[in-house]
Amino acid sequence: PSIDTFLDAHKDDNHVVASGKLGIASAILEAESNSKLYADYRQGDRPDMARAEGTWLPAVASRMVEGVGKGDLHALFNNVSFITFNYDRCIELFLYHAIQDYYGITGEQSSELMRSLEIRHPYGVVGRLPWQTGGGDPVPFGAELEGRSLLKVSERIKTFTERVDEGDQLESMKSLVQKAQTIVFLGFSFQAQNMELLAVRNKGSTGRVFSTAFGFSQSDCAVISADIRRALMRHDGDVSIELRNSLKCFDLFNEYSKSITQ
């Protein structure tokens, strides 16, 4: 089904797990280098943000900045957070540059503002971007790495069995879900392991859920809706779930442009 499930099946073989992580790290960095957000960091280039039009990232950003003036930038991320099960840094990179372009601020100001954004990577990430703070050497977006450098990056990746499953990080993530009044699932696979990570400890306050379910059957969508209610500890009358198997991420924001931000 996926590289993650394969590595989980071979979790007792350290060589298979290490090789799999190397493959994941290499594939993620290659995917970043082929993405619309890539710019040649070796030449000091910055992404051409116009290339991202038609993807879900500008759709999200346009709703985040709505009603937020330059003097209120400190509050830009007050009512939004992200939980991503991907290893890439597309969200961070896009918002970092989009904020600069929209508000006409410097990279240093944008970097400082990005520190207030709550974003969780339960399965790790291929490294921090050069403008981000934190431990470890910076890894440019779409960097070409090999040998020991690639090995270091691969060690930051977690498998199903190594995921963040205890301690402050897990509690922080569950708290974000529990407090969220509106939750939007984008391109989510609804695998049991991931739903388990999102499941709240106590009844959540979520009243609305919007989700893509592209390619899922109607019967599977019914199962997914039940799984969402169970994870949030919400009954039918407590939460409205809009689960669309005909919409991709960008289309979901077009369909529910006003609804999501109410």
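Student: In this predicted model, which residues lie nearest the centre of the second largest pocket?
Tutor: The second largest pocket of this predicted model has a volume of about 610 Å³, and its lining is made up of 23 residues. Helix H5 (107-114), strand E2 (118-120) and helix H7 (167-179) are the elements that give two or more residues to that lining. Those lying nearest the centre of the pocket are Glu-92, Ile-119, His-121, Gln-132 and Thr-133.

Student: Is Leu-57 buried or exposed?
Tutor: Leu-57 belongs to helix H3, which covers residues 56-65. Leaving aside its neighbours within four places in sequence, Leu-57 is in contact with Leu-37, Cys-90, Ile-91 and Phe-94. The cut-off for burial is under 20% relative accessible area, and because the relative accessibility of Leu-57 is 10%, this residue counts as buried.

Student: How far apart in space are Leu-57 and Ser-211, C-alpha to C-alpha?
Tutor: Leu-57 is found in helix H3, while strand E4 spans residues 208-212. In sequence, Leu-57 and Ser-211 are 154 residues apart, and in space their C-alpha to C-alpha separation is 15 Å.

Student: In the open sheet of three strands, what is the order of the strands?
Tutor: The pairing in this open sheet is parallel, and from one strand to the next the twist averages 10°. Strand E3 (182-185) and strand E5 (240-244) each pair on one side only, which marks them as the edge strands. The order is therefore, with E3 and E5 at the edges and pairing defined by at least two bridges between strands, E3-E4-E5.

Student: Which residue in E5 is the bridge partner of Thr-212?
Tutor: Strands E4 and E5 run parallel and are joined by five bridges. Val-209, for instance, stands opposite Ile-241 in E5. For Thr-212, the bridge partner in E5 is Arg-244.

Student: Which residues make up the covered face of E5?
Tutor: Helix H9 (residues 218-232) lies across E3, E4 and E5, and runs at about 145° to E5. The uncovered face of E5 consists of Ser-240, Glu-242 and Arg-244, whereas its covered face consists of Ile-241 and Leu-243.

Student: What is the handedness of the β-α-β unit that E4, H9 and E5 make?
Tutor: The two strands of this unit, E4 and E5, run parallel, and helix H9, at residues 218-232, lies across both of them as well as E3. The β-α-β unit made by E4, H9 and E5 is right-handed.

Technical notes: Residues are numbered from 1 along each chain as its sequence is written. This is a predicted model: local features need pLDDT of at least 70, side-chain atom pairs count only at pLDDT 80 or more; totals for chains, interfaces and linings use all residues. Side-chain values use heavy atoms; hydrogens and water are left out. Helices (H or I, at least four residues) and strands (E, at least two) are DSSP runs, numbered from the N terminus. Axes are lines fitted to C-alpha atoms, for helices over the stretch in contact, and angles run from 0 to 180 degrees between N-to-C directions. Contact means heavy atoms within 4.5 Å. Buried means under 20% relative accessible area, exposed over 50%, partly exposed in between (1.4 Å probe, protein chains only). A crossover is right-handed if, with the strands pointing away from the viewer, the path from the first strand over the helix to the second runs clockwise. On a 1 Å grid over the protein atoms alone, a cavity is a set of points where a 1.4 Å probe fits but cannot get out, and a pocket is an open set with protein on both sides within 12 Å along at least five of seven lines; lining residues have an atom within 4 Å of a point. Grid points are joined across faces, edges and corners, and a volume is the space filled by probe spheres set on the points.
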